[in-house]
Amino acid sequence: MPYLTTLEFPTVDQQRYDALSATLASSGPPSGILFHSCAAVPYGWRITDLWESATAFDRFVDVSLLPTTRALGWPEPSRRECIATYHAGMVQR
């Protein structure tokens, strides 16, 4: 069962997100990620992903993402959510 995840970072903008992406790019996609999206929100930056498991999400966030955001001077996330999905998949048209 996939997990829908949300991270929100106050005061972060696209330029700071692009710097994070460039820093993490050398590692390739994290193990267990199925889908990634992000967007500016009125108070900062939101990242919404779909992961194979809560464990894979937590491992990536705790071991890779947060140490990198801290090194780049980002604030701590104001929201960290991981929810088991009932249904996740492509919509047929």
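**Exercise 1. Contacts of a core residue**

Leaving aside its neighbours within four places in sequence, with which residues is Leu65 in contact? Place the result within the nonpolar core of this predicted model.

*Solution.*
Step 1. Once the neighbours within four places in sequence are set aside, Leu65 is in contact with Leu7, Phe9, Leu20, Leu24 and Phe60.
Step 2. Leu65 is also named, with Leu7, Phe9 and Val61, among the residues that have the most contacts inside the largest nonpolar core, a set of 16 residues.
Step 3. At least two residues of this core come from each of β1, α1 (14-24), β3 and α2 (54-71). The element that gives the most is α2, with 6 residues.
Step 4. A general tendency accords with this picture: in soluble globular proteins, nonpolar side chains tend to be buried together.

**Exercise 2. Layout of the sheet**

Determine the strand order of the sheet, its edge strands and the pairing of its strands.

*Solution.*
Step 1. The sheet is open and consists of 4 strands in the order β2-β3-β1-β4, with antiparallel pairing.
Step 2. Strands β2 (33-41) and β4 (79-84) pair on one side only, and they are therefore the edge strands. From one strand to the next, the twist averages 15°.
Step 3. Consider β1 (residues 3-10) and β3 (residues 44-51): they pair in the antiparallel sense over 8 bridges. In this pairing, Leu4 stands opposite Leu50 of β3.
Step 4. Strand β3 is also joined to β2 by 8 bridges, again with an antiparallel course. Here Cys38 stands opposite Ile47 in β3, and a hairpin of 2 residues connects β2 to β3.
Step 5. In general, the strands of a sheet pair through backbone hydrogen bonds, either parallel or antiparallel.

**Exercise 3. Geometry of an aromatic pair**

Classify the pair formed by Trp51 and Phe57, and state whether its members are buried or exposed.

*Solution.*
Step 1. The structure holds 4 aromatic pairs, one of which is formed by Trp51 and Phe57, with 5.9 Å from centre to centre and 65° between the planes.
Step 2. Planes over 60 degrees apart count as edge-to-face, so the 65° of Trp51 and Phe57 places the pair in that class.
Step 3. Both Trp51 and Phe57 are buried.
Step 4. Trp51 and Phe57 belong, with Phe60, to one aromatic cluster. Phe60 was met above as a contact of Leu65.

**Exercise 4. The cysteines**

Establish how many disulfides a search of the whole structure finds, and describe Cys38 and Cys82 in that light.

*Solution.*
Step 1. The search of the whole structure returns 0 disulfides.
Step 2. For Cys38, the nearest cysteine sulfur is that of Cys82, 18 Å away. A disulfide requires sulfur atoms within 2.5 Å, so Cys38 is in no disulfide.
Step 3. Cys82 is likewise in no disulfide, the nearest cysteine sulfur being that of Cys38.
Step 4. Cys38 has a relative accessible area of 31% and is therefore partly exposed. Cys82, with a relative accessible area of 30%, is partly exposed.

**Exercise 5. A loop residue**

Locate Ser27, and explain why Ser27 is classed as exposed.

*Solution.*
Step 1. Ser27 belongs to the loop between α1 and β2.
Step 2. The relative accessible area of Ser27 is 62%. Exposed means over 50%, so Ser27 is exposed.
Step 3. Along the chain, Ser27 and Leu4 are 23 residues apart, and their C-alpha atoms are separated by 22 Å.

Definitions and conventions:
Residues are numbered from 1 along each chain as its sequence is written. This is a predicted model: local features need pLDDT of at least 70, side-chain atom pairs count only at pLDDT 80 or more; totals for chains, interfaces and linings use all residues. Side-chain values use heavy atoms; hydrogens and water are left out. Two strands pair if DSSP finds at least two bridges between them. Axes are lines fitted to C-alpha atoms, for helices over the stretch in contact, and angles run from 0 to 180 degrees between N-to-C directions. Rings of Phe, Tyr and Trp (its six-membered ring) pair if their centres lie within 6.5 Å; planes under 30 degrees apart count as stacked, over 60 as edge-to-face and the rest as tilted. Buried means under 20% relative accessible area, exposed over 50%, partly exposed in between (1.4 Å probe, protein chains only). A nonpolar core is a set of buried Ala, Val, Leu, Ile, Met, Phe, Trp, Tyr and Cys residues joined through side-chain atoms within 4.5 Å. Contact means heavy atoms within 4.5 Å.
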